[in-house]
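This briefing goes through one protein model by topic, beginning with its cysteines and moving on to cores, sheets, a helix and some backbone details. Please keep the sequence and the structure in view while reading.

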Amino acid sequence: MNNPVIIVGAGLSGLRAASLLTEQGIKCRVLEARDRIGGRILSSSVPDSPDLGRFDLGPTWFWPQYESHIANLVKELNLETFEQYKDGEILIERFQIKPPERCVLKENSDEKWVRLTGGVQSLIEALAETFPSEIVELETRVKKIQLNEAGDITVEAELSDGKRKKFPADAVILALPPRLVGQHIEFSPSLPPNLITDIVQKPTWMAGQAKVVAVYDRPFWRELGLSGYVLSAVGPLEEIYDASPIKGSGALFGFFGMPPEARKKMGQDKVLKLVGDQLVKLFGSEAKNSKAIFYKDWSSDSETTVEEDYSPLKNYQSYGQPPVEGVWEKKIIFAGTETNSQCSGHLEGALQSAEQAVFKVTNLNSKS
C-alpha cells in the first residue's frame, strides 16, 4: 500500500482500527468531524469539582462473561473496572399520584454488569495512547469520496475554517453510523442502490435517546436500603440506575421514556425540572441537593442522529455488514456497532466490527 488507510470517525471503532493498523505497520489517518475523540462515548466531570468523578452520558457497561473482545482489551490496556452497584431494593413507579413500590429483584447472580473506573472515556484515552496523536485530525468533516478508473481513492474533507482538504487513500474504513454515511457523504461513482437502501435502514444506536446524570456528595439512597434501580411507567425517566463511582460521590442516571420531539418541544429547563421532581418523589428531599446535573440529548447531536432516527428503534434485524459490491468492493469497509450483527449497540459490537474491518484491510494489503 502506498497511501494510508483513511478511517472516517474517531469513535471506539475508528480508534480501535487505527490502533490495530498501527500495530501491524499499516499507515492510517483518522478524520473526525467533532472537536473531540470518542464519538458516542462521552464521560463528563463537574468543572469545579473533578474529584467527584466522571459520569457516562453515552454507553456505561459491558458484560465480560459474554463479551470477550472488550474484556480482553480492557485487560490489555490495564484499565480498572468495578461491578454495577445492585444491592438493596428496587423502586417501581406505576402511578403518578401514588408513591413508588419497593421490591426485591431476583437477579441472575452470574451476570456481571461491569463499569470502567473513570468512565468509558478512559478506554478511549487508553486506545489513543497506542498510536501517534498526529494520526487523528479533528474538525475534519468528510464530504466526498471519489474513486477514479485506475482505482485510486481521494477523500475530500471540510475543515473548521471552511477550507477543503484532499487525502489520497488505498482504502477507507467508514467507522460512523451508516445513516450518516448515506446522508452526509457524496460518493463518485455513486454507491449501488441496494447498498444505499441497506445503510438508510440501519437505525443509529442511541440516536433517539437522552441521558441525565444527577451527581451528589454521596449515594444517600443506599442508606435507605435502595439500589438506585427504578422502573417507572410515568416518567419522565423510565429507567434509573446507580451511577456512583467506586468511591466518593454518588450519582443516579436515567433514560427517558419521553420521545425526542416531546423533549425538544418542552426544552431542557422544563425537562430537567420534571427529572428533579421525579427524583424527589422516588428518593426523598435529599435528591434536591445535587452537586451537578448532566444532560445529553443524542437526538439533537447532528454528528450522531439523522431525522429517521427520531422514530422508536424497532428494526434490529437490519444490523450487520452492508453489502458492498461492484467498483466499491474492497475500497470502502464499514465499521461501527450498527455493522456488527451479534453485538450491535454494544461496545463489544464496535470493537468486533473494527477488528473485522482491519482483517479485510490486511487481506488487501497482503494481495497488493
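Cysteine 28 is buried, because its relative accessible area of 7% lies under the 20% limit, whereas cysteine 103, with a relative accessible area of 24%, is partly exposed. The model is a predicted one, and its count of disulfides comes to zero, which means that no pair of cysteine sulfur atoms lies within 2.5 Å.

**Nonpolar cores**

- The largest nonpolar core holds 40 residues, and the members that touch the most other members are Ile7, Leu12, Leu21, Leu123 and Ile173.
- Two or more residues of this core come from each of β1 (5-8), α1 (12-23), β2 (28-31), α2 (68-76), β8 (114-116), α3 (121-128) and α8 (347-367), and α8 gives the most, with seven residues.
- Apart from its neighbours within four places in sequence, leucine 12 is in contact with Gly38, Ile41, Leu123, Ile124, Leu127, Leu347, Ala350 and Leu351.
- A second core, separate from this one, has 26 residues, among them Val8, Ile153, Val155 and Val324.
- In soluble globular proteins, nonpolar side chains tend to be buried together.

**Leucine 347**

- Leucine 347 belongs to helix α8 and is buried, because its relative accessible area of 6% is under 20%.
- With neighbours within four places in sequence left aside, the contacts of leucine 347 are Leu12, Ile41, Pro59, Trp61, Ile70 and Val120.
- Threonine 337 is ten residues from leucine 347 in sequence, and the C-alpha atoms of the two residues are 7.1 Å apart in space.

**The seven-stranded sheet**

- An open sheet with mixed pairing is formed by seven strands in the order β7-β6-β16-β17-β18-β15-β19.
- Its edge strands, β7 (101-103) and β19 (292-297), each pair on one side only, and neighbouring strands of the sheet are turned against each other by 20° on average, direction ignored.
- Within this sheet, four bridges connect strand β6 (residues 89-93) with strand β16 (residues 226-232) in the parallel sense, and glutamate 93 has serine 232 in β16 as its bridge partner.

**The four-stranded sheet and a hairpin**

- Four strands in the order β12-β11-β10-β14 make up an open sheet, again with mixed pairing.
- Because β12 (164-169) and β14 (186-188) stand at the edges with a single partner strand each, one side of each is left without a neighbour in the sheet, and the twist from one strand to the next averages 25°.
- Strand β10 (residues 140-147) runs parallel to β14 and is joined to that strand by three bridges, with serine 188 in β14 as the bridge partner of glutamine 146.
- Strands β3 (residues 43-46) and β4 (residues 49-56) run antiparallel and are joined by four bridges, and together they form a hairpin with two residues between them.
- The bridge partner of serine 44 in this hairpin is phenylalanine 55 of β4.

**Helix α2 and the residue that follows**

- Ile70, Leu73 and Val74 are the buried residues named here for α2, and they lie on the same side of the helix because they cover an arc of only 100° around its axis.
- On the face of α2 turned away from this buried side are the exposed residues Lys75 and Glu76.
- Asparagine 78, which follows α2, has a positive phi near 60° although it is not a glycine.
- The place of asparagine 78 is in the loop between α2 and β5 (81-83), where this residue counts as exposed because its relative accessibility of 69% is over 50%.

**Further backbone details**

- Most residues other than glycine have a negative phi, and most peptide bonds are trans.
- Lysine 330, a residue other than glycine, also has a positive phi, near 70°, and is found in the loop between β19 and β20 (332-334).
- Lysine 330 is exposed, because its relative accessible area of 51% is over the 50% limit.
- The peptide bond from serine 188 to proline 189 is cis, with omega near 0°, and proline 189 lies in the loop between β14 and α5 (193-200).
- Another cis peptide bond, with omega near 10°, leads from glycine 235 to proline 236, and proline 236 is in the loop between β16 and β17 (237-242).

Note on methods:
Residues numbered from 1 in each chain as written. Predicted model: local features only at pLDDT ≥ 70, side-chain atom pairs only at ≥ 80, totals over all residues. Heavy atoms only, no water. Pairing = 2+ DSSP bridges. Axes fitted to C-alpha atoms, helices over the stretch in contact; angles between N-to-C directions. Buried < 20%, exposed > 50% of the residue type's maximum accessible area, 1.4 Å probe, protein only. Core = buried A, V, L, I, M, F, W, Y, C linked by side-chain atoms within 4.5 Å. Contact = heavy atoms within 4.5 Å. Arc of directions from axis to C-beta.
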